[in-house]
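Here are some notes on the model, set out as numbered points for reading beside the sequence and the coordinates.

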Amino acid sequence: MTHQKLTQKDIVDALQTLTEWTFEEEKLTRTFVFKDFQHAFGFMSMCALYAEKQDHHPEWFNVYNKVKVQLTSHDVSGVSQKDIDFAKKMDAFAAINQMN
């Protein structure tokens, strides 16, 4: 299944359905804050398994209980529906890992 780069309007519309996500540096961006490192790592592990299945990998940075995520689809040089879907999945994984 091919996918394509979303328009600015598509991204703005999608952000209405995403919790605490922003559009920065041409990427969907969110910083997740967890109770502790164990919960942050649990979240990252769940995301990593999903990313491998989808063959779609996030850019992320972790320090203790914080995980900053940026999503973009390199093959379309911008945000695609795959990024929106991954953001929603990350929100669900974060809820399982008890965010603050």
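1. In this predicted model, glutamate 24 is partly exposed, with a relative accessible area of 34%; it is classed this way because that value lies between the 20% limit for buried residues and the 50% limit for exposed ones. The residue belongs to strand β1, which covers residues 22-24.

2. When its neighbours within four places in sequence are left aside, glutamate 24 has contacts with Thr29 and Gln70. Its separation from phenylalanine 41 is 17 residues along the sequence, while in space the two C-alpha atoms lie 24 Å apart.

3. Phenylalanine 41 also appears in a nonpolar surface patch, where Phe37, Phe41, Phe61, Val63 and Tyr64 together present about 560 Å² of accessible area. Two elements, α2 (37-54) and β3 (59-63), each supply two or more residues to this patch, whereas tyrosine 64 sits in the loop between β3 and β4.

4. Is serine 73 buried or exposed? Serine 73 has a relative accessible area of 0% and is therefore counted as buried, the cut-off for that class being under 20%. Its place in the chain is the loop that runs between β4 (66-71) and α3 (81-96).

5. Which residues does serine 73 touch, not counting those up to four places away in sequence? Its contacts are His3, His56, Gly78, Ser80, Lys82 and Asp83, and this list can be read alongside the relative accessible area of 0% given for serine 73.

Methods:
Residues are numbered from 1 along each chain as its sequence is written. This is a predicted model: local features need pLDDT of at least 70, side-chain atom pairs count only at pLDDT 80 or more; totals for chains, interfaces and linings use all residues. Side-chain values use heavy atoms; hydrogens and water are left out. Helices (H or I, at least four residues) and strands (E, at least two) are DSSP runs, numbered from the N terminus. Buried means under 20% relative accessible area, exposed over 50%, partly exposed in between (1.4 Å probe, protein chains only). Contact means heavy atoms within 4.5 Å. Patches are made of residues with over 30% relative accessible area and no salt bridge: like charges are joined within 9 Å, nonpolar side chains (Val, Leu, Ile, Met, Phe, Trp, Tyr) within 5 Å. Accessible areas come from the Shrake-Rupley method with a 1.4 Å probe; for residues, only the protein chains shown count as cover. A salt bridge is a side-chain nitrogen of Lys or Arg within 4 Å of a carboxyl oxygen of Asp or Glu.
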